[in-house]
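Open your viewer and keep the selection panel at hand. This tour moves from the whole chain to single residues, and at each stop it tells you what to select and what is there.

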Amino acid sequence: SVEGRESLQKLYHLLEAKGFQTRMEGVALLLDLCKSSPQLISTNVVQIFDYFVLRINDTHKKVKQQALEVLAEMIGLLEDALMPVMTRLMEGITKNLNSKDPGVHAAAVRALDKSIAYLDEVSLMKELSHQWSQLSGEALLDVTERITVLVEWVHARSPEVVQRYALPVLWSCLENKALPVRSANVCAVVTKLACALCEVMGTQLIKCAESKPPHVQENLSSLL
């Protein structure tokens with residue numbers, strides 16, 4: 001409808017504005033439209049994200065934090081209507097998990113948890129595992145913890161997805177390739193993932209480990 005097109009034009013105009021306060025108005029308008037016209041947002045979600053993703057990565061931390069907070073609410077409102085933009089959504093969230101700004105970090109974590117609660121678990125595991133390989137620092141731990149949470153649900157529906165996407169994360173952790181080793185939580189986080197995989201896969205996990213280097217096998221058995 002004409003009204004819908006006008007709302008979208010206004011939204012794009014605000015989201016692209018030079019002034020950060022105007023961009024924040026655009027982010028607030030997006031949330032309003034999600035509540036009042038969810039169908040309009042769902043139908044145009046790919047184009048909307050062309051603009052909105054820039055605000056999730058905004059140079060101004062107030063805009064960025066607000067965009068992540070709104071994203072968390074959008075996930076609860078739109079659920080699987082966000083599937084076409086799942087990759088960009090996860091990139092936007094995971095990029096902000098290492099933010100030094102506590103408000104931005106907290107908002108990114110909240111958006112990540114909302115994703116776990118409302119989005120398709122199988123698609124999410126694939127996406128998180130794909131993002132994992134490009135992350136560093138605390139973001140790796142945040143994402144590893146969420147992959148662990150998904151293991152049981154996903155295994156019940158698609159055991160092969162767990163083997164293809166969650167197992168490689170465990171092997172990388174056990175090879176000590178990418179983790180921020182100084183963090184005290186590393187061992188706890190990796191142990192939880194190993195135990196979750198062991199619970200659903202049983203002895204098959206040990207069999208899969210047999211093709212790995214000896215130190216990986218040793219690390220696994222010491223965790224279990």
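How many helices and how many strands make up the secondary structure of the protein chain? Colour the chain by secondary structure, and you should find 13 helices and zero strands, where helices (H or I, at least four residues) and strands (E, at least two) are DSSP runs numbered from the N terminus. Before going on, note that this is a predicted model, in which local features need pLDDT of at least 70 and side-chain atom pairs count only at pLDDT 80 or more, while totals for chains, interfaces and linings use all residues. Residues are numbered from 1 along each chain as its sequence is written, and side-chain values use heavy atoms, with hydrogens and water left out.

**The whole chain**

Stay with the full view and turn it slowly: the C-alpha trace spans about 65 × 35 × 20 Å along its principal axes. Of the 224 residues in the chain, 48% are buried, a term that means under 20% relative accessible area, with exposed being over 50% and partly exposed in between (1.4 Å probe, protein chains only). If you now show the charged side chains, you will find 23 positive and 26 negative ones, and the centres of the two sets lie 5 Å apart; here Lys and Arg count as positive and Asp and Glu as negative, while His and the chain ends are not counted, and the place of a charge is NZ of Lys, CZ of Arg, CG of Asp or CD of Glu.

**Two domains**

Next, select residues 1–119 as domain 1 and residues 129–223 as domain 2, bounds that come from an automatic or database domain assignment. The C-alpha centres of these two domains lie 30 Å apart. Their contact (heavy atoms within 4.5 Å) takes 11 residues from domain 1 and 12 residues from domain 2.

**Helices α4 and α6**

Select helix α4, residues 45–56, whose buried residues include Phe49, Tyr51 and Phe52. The buried residues of α4 pack against α1 (2–15), α2 (20–36), α3 (38–43), α5 (61–78) and α6 (86–95). Moving on to α6, you can pick out its own buried residues, among them Met86, Leu89 and Ile93, and what covers the buried residues of α6 includes α4, α5, α7, α8 (121–132) and α9 (137–157).

**The core**

Which residues have the most contacts inside the largest nonpolar core? They are Phe49, Phe52, Met125, Leu170 and Leu197, in a core of 80 residues, where a nonpolar core is a set of buried Ala, Val, Leu, Ile, Met, Phe, Trp, Tyr and Cys residues joined through side-chain atoms within 4.5 Å. Helix α10 (residues 159–174) gives the largest share of this core, 10 residues, and the core draws at least three residues from each of domain 1 and domain 2. Centre the view on Leu170, which, leaving aside neighbours within four places in sequence, is in contact with Val190, Leu193, Ala194, Leu197, Leu205 and Leu220.

**Two last stops**

Select Glu79 in the loop between α5 and α6, where phi is near 45 degrees, a positive value in a residue other than glycine. Glu79 has 36% relative accessibility, so it counts as partly exposed. Finally, go to Ala117 in helix α7 (residues 102–118): is this residue buried or exposed? Ala117 counts as exposed because its relative accessible area is 55%. Draw a distance from its C-alpha atom to that of Ser133, 16 residues apart along the chain, and the two are separated by 23 Å.
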